[in-house]
Amino acid sequence: MSSQTTHTTPIDERKKATIVLIHNKPLVFLLEDAKYLRSLGIVGVFTGTLPSAPQQNLYMGLPLLLMIEEMIWLVLKGHAVVVPGKDYIQKVYQRISIGDLQILDQKQEQFNQKHIEMRLKKFEELQKRLNKTLKAPSNLIGDNVQVKIPLTPQHITDSKHEEVADSISVPITQFLASAIKTYPLYEHLKSSEYYMLPGMRFGGRYVAYPGDPLRYHSHLIVNEVEWEEDIGLLRLVGGGRLSTGVKKVWCIGSSKEVEEVEDSTDPEDKEKLEEIVCYSVEWSGFG
Amino acid sequence: MNKETLVSQVKQNLSFYNLWSDITEIQTTSFTFLQGKPKDPLTVQSTIDSTTDGISSELTKEQEQGQIPYELVYPIRLDSKLSPRDIHQLFKELEDFKGFKIEKIIAGILNDDSTIVYYNIYNGLVKPRRN
């Protein structure tokens with residue numbers, strides 16, 4: 001996996017974090033990447049538990065689970081690349097032919113040969129320093145070489161990757177389509193410098209923080225409603241009452257369609273496909 | 001129950017229960033609003049977020065002078081439909097009528113048992129009130 005290649009790259013040189021997509025869950029496995037994402041205002045949720053404290057979500061660690069919207073944002077803004085998970089690798093394996101295995105065997109052989117030569121060289125150097133001539137126990141050195149090249153997709157020809165990539169692109173596209181509806185709202189809030197976390201704990205789509213959630217209390221409980229969809233006044237009252245009780249504001253965000261955009265004299269507005277409109281609700285404090 | 005009863009019921013609740021004064025009806029193209037002055041200033045207002053435009057100048061002037069600003073109430077029944085488009089329309093018609101930017105409309109929501117609850121709806125994102 002290419003996540004192994006980013007492992008050694010220092011943070012300021014590396015531009016893109018690696019998101020591994022496993023069973024449609026975007027996960028970040030590297031601490032450096034997690035730090036980088038946090039500096040971009042993407043917090044995510046830690047999902048790794050300690051065997052000794054599986055219930056304590058304060059002590060959770062890597063991997064970092066992202067929302068689909070966060071993944072889309074990171075990729076669109078060029079901060080991250082998505083790497084397919086186990087399914088992809090398994091599919092690549094399934095397509096390996098005998099010819100490919102022979103190539104892998106050859107590579108393994110070449111690697112072993114190099115390794116043996118290296119060790120012999122070292123042995124000879126040692127001999128020189130000791131000023132003694134010993135017979136090289138070449139078979140012993142050869143036996144010691146047990147390093148195997150891991151069978152990673154990197155060692156398989158590009159055409160195999162392309163074949164598999166085509167076959168998995170359809171399910172990934174379908175999965176992304178499920179998030180497309182809420183993404184414009186996410187991006188709108190992100191561009192307003194809000195930090196978003198999943199909103200289930202307060203009964204919304206997102207909970208929005210004015211800065212890092214470790215420093216601030218959240219301000220908004222954000223809900224996504226379609227432009228012509230009924231909000232439901234009972235839902236509005238429930239949300240408004242809850243949010244005022246927990247010192248937050250209950251918000252609805254909606255995509256306004258292109259036909260609705262006014263000020264047609266303004267050329268900038270004409271180019272907009274849709275704009276996000278937000279309304280905030282709170283209890284009035286009387287009545 | 002027709003629209004007139006809804007409006008008059010909310011109006012009565014405002015004037016006799018919440019002791020608002022100077023209540024007038026405002027009729028825009030498709031909506032009826034109530035405008036009035038609360039007995040006491042409403043609790044600390046939510047502050048309009050810096051990302052949206054500032055609060056309308058007329059209200060801030062009144063607040064500076066220590067006067068109680070006029071509030072705008074939109075009477076609505078609990079079972080009515082309200083979509084983001086409707087809210088957009090509410091603000092738009094009211095702004096066209098008033099001629100300045102409206103930041104807040106109070107929804108006066110009436111239930112069958114004649115309970116009326118009031119909820120502030122802000123045009124844009126606001127910061128929670130400090131209390």
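## The shared sheet

In this predicted model, ten strands form an open sheet with mixed pairing, in the order β6(A)-β7(A)-β8(A)-β9(A)-β10(A)-β5(B)-β4(B)-β3(B)-β2(B)-β1(B). Strands here are DSSP runs of E with at least two residues, helices are runs of H or I with at least four, and both are numbered from the N terminus. Two strands count as paired if DSSP finds at least two bridges between them. Strands of a sheet pair through backbone hydrogen bonds, either parallel or antiparallel.

The edge strands, each of which pairs on one side only, are β6 (195-198) of chain A and β1 (21-27) of chain B. On average, neighbouring strands of the sheet are turned by 30 degrees against each other, direction ignored.

## Pairing around β10 of chain A

β10(A) pairs with strand β5 (residues 116-123) of chain B in the antiparallel sense, over five bridges. In β5(B), B:Tyr119 is the bridge partner of A:Trp283. Within chain A, β9(A) and β10(A) run antiparallel and are joined by seven bridges. A:Tyr279 in β10(A) stands opposite A:Ile252.

## Helices on the sheet

Helix α1 (residues 3-17) of chain B packs on the sheet and touches β1, β2 (32-37), β3 (71-77), β4 (104-110) and β5 of chain B. The direction of α1 makes about 10 degrees with that of β2(B). Helix α3 (residues 84-98) of chain B also packs on the sheet, touching β9 and β10 of chain A together with β1, β2, β3, β4 and β5 of chain B. Its direction makes about 85 degrees with that of β10(A). Axes are lines fitted to C-alpha atoms, for helices over the stretch in contact, and angles between N-to-C directions run from 0 to 180 degrees.

## The contact between the chains

In total, 31 residues of chain A are in contact with 31 residues of chain B; contact requires C-beta atoms, placed from the backbone, to lie within 7 Å. On the chain A side, the elements giving two or more residues are α9 (233-245), β9 (249-256) and β10 (275-283). The largest share, seven residues, comes from β10(A).

## Chain B

Chain B has three helices and five strands, which follow the pattern α-β-β-α-β-α-β-β along the sequence.

## Basis of the description

Residues are numbered from 1 along each chain as its sequence is written, and chains are lettered from A and ligands numbered from 1 in the order in which they are written. For this predicted model, local features need pLDDT of at least 70 and side-chain atom pairs count only at pLDDT 80 or more, while totals for chains, interfaces and linings use all residues.

Conventions: Contact = placed C-beta atoms within 7 Å.
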